[in-house]
Amino acid sequence: MSIEDLESIALAMVAPGKGIIAIDESTNTIKKRFESVGIENTEENRRAYRELLLTTPALSEHISGAILYDETIRQSTKDGVPFTQIMKKNGIIPGIKVDKGTVPLAGFPGDVVTEGLDGLRERLAEYVKLGAQFAKWRAVINISEDNPSSTAIEANTHALARYAALCQEAGLVPMVEPEVIMDGDHSIEVSYEVHEAVLRSLFNALYEHNVLVEGTILKVSMVIPGKESDEQVSVEEVAEATVRVLKTTAPATLPGIVFLSGGQNDEQSTAHLNAMNRMGPHPWPLSFSYGRAMQQAALKLWSKDMKSNYGEAQKVVHARAKDNGLAALGQWKG
Ligand code: 13P
């Protein structure tokens, strides 16, 4: 696959007014989401729920792609059509989460590093056969008095760069995701400084590993005070700080930047994205790749009556996609 092919997939992922739905929760993470609304974590419930999301009518009006989990990319609709097939038919680009989660970084209490590089070349080849066109790897950066260490930042961005190079070798667009976690009582300034250090290190590492930025998508957290901080910041302050840190670190050749929701509520995640886009034009499209902020309202509704609320839950998914799609254009009215 040529760089032009990678670039055109990347650009399609951030087409105007469109973003990505992240439905790549591991079996353990979806268990927590299901438990919170009283759904049993069976393979059939996971399959049925992912079918509900992926077959939401007219989803591609506002959604360009969906990130799947290893189990999900192998599953089919109740009528036996593979999910990747139905996605392509409906104009949704299939993506796949390929990291294997985090482990504590030895020697650095509180820091973690993402695993999954061993055997990744072979796994990527299989995912390409299964229909994936992009892949995601999430690095987790914790903030506390002692975290993150510069060693943790480097270990994580080095892994992201090795993963990204392998993706491009396999013909997949890497979605590189450094998530600065919102837990903690840190200020917005500390969040800014950590984002700046992480993103500097990330783009250096990508460069050192011959990763083509033109065929890469950045997925990142917003610059926001810690959840336990009592600092009050406006939507505009979050938007301004996030755009500023991106402008100072991310090359203009990057085809697009998408955000994770990371525990923000639905309205906040949409309002922040909208405010950033109202401050444009920017060097790159700014869009969304939300998990919880795309799904939580629909999951709650579906859990109350899986049969009779099915269609209504899909309408809620569509409404969240529409709001976020408008926010990606700076046209959301609230
Ligand atoms: P949230 O939007 O729920 O943070 O999830 C997005 C994601 O894919 C995190 O890796």
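The exercises below concern a predicted model of a protein with a ligand.

**Exercise 1.** Determine how the radius of gyration of the protein compares with that of a compact globule.

*Solution.* The protein has 334 residues, and a compact globule of that length would have a radius of gyration near 20 Å. The value for the protein is 19 Å, which agrees with this expectation. Along the principal axes, the C-alpha atoms fill a box of roughly 50 × 45 × 40 Å.

**Exercise 2.** Describe the secondary structure, the burial and the sequence separation of contacts in the protein.

*Solution.* The protein contains 12 helices and 10 strands. Of its 334 residues, 47% are buried. Next, consider contacts between residues at least 6 apart in sequence: 81% of them join residues at least 24 apart.

**Exercise 3.** Identify which residues of the largest nonpolar core touch the most other members, and state which helix contributes the largest share.

*Solution.* The core has 97 residues, and Ala66, Ala135 and Val173 touch the most other members. Helix H7 (residues 150-170) supplies the largest share, 10 residues. In soluble globular proteins, nonpolar side chains tend to be buried together. Ala135 may then be followed further: leaving aside residues up to four places away in sequence, Ala135 touches Gly95, Ile96, Val98, Leu124, Tyr127, Cys167, Leu172, Pro174 and Met175.

**Exercise 4.** List the residues around the ligand and sort the shell by class.

*Solution.* The residues around the ligand are Ala22, Asp24, Arg138, Glu177, Leu260, Ser261, Gly262, Tyr290, Gly291, Arg292 and Ala293. The charged class comprises Asp24, Arg138, Glu177 and Arg292. By class, the shell holds four charged, four nonpolar and three polar residues.

Technical notes:
Residues numbered from 1 in each chain as written. Predicted model: local features only at pLDDT ≥ 70, side-chain atom pairs only at ≥ 80, totals over all residues. Near = placed C-beta within 6 Å. Helix = DSSP H or I, 4+ residues; strand = E, 2+ residues; numbered from the N terminus. Rg over C-alpha atoms; globule rule 2.2 N^0.38 Å. Buried ≥ 20, exposed ≤ 12 C-beta atoms within 10 Å, placed from the backbone. Contact = placed C-beta atoms within 7 Å. Core = buried A, V, L, I, M, F, W, Y, C linked by C-beta atoms within 7 Å.
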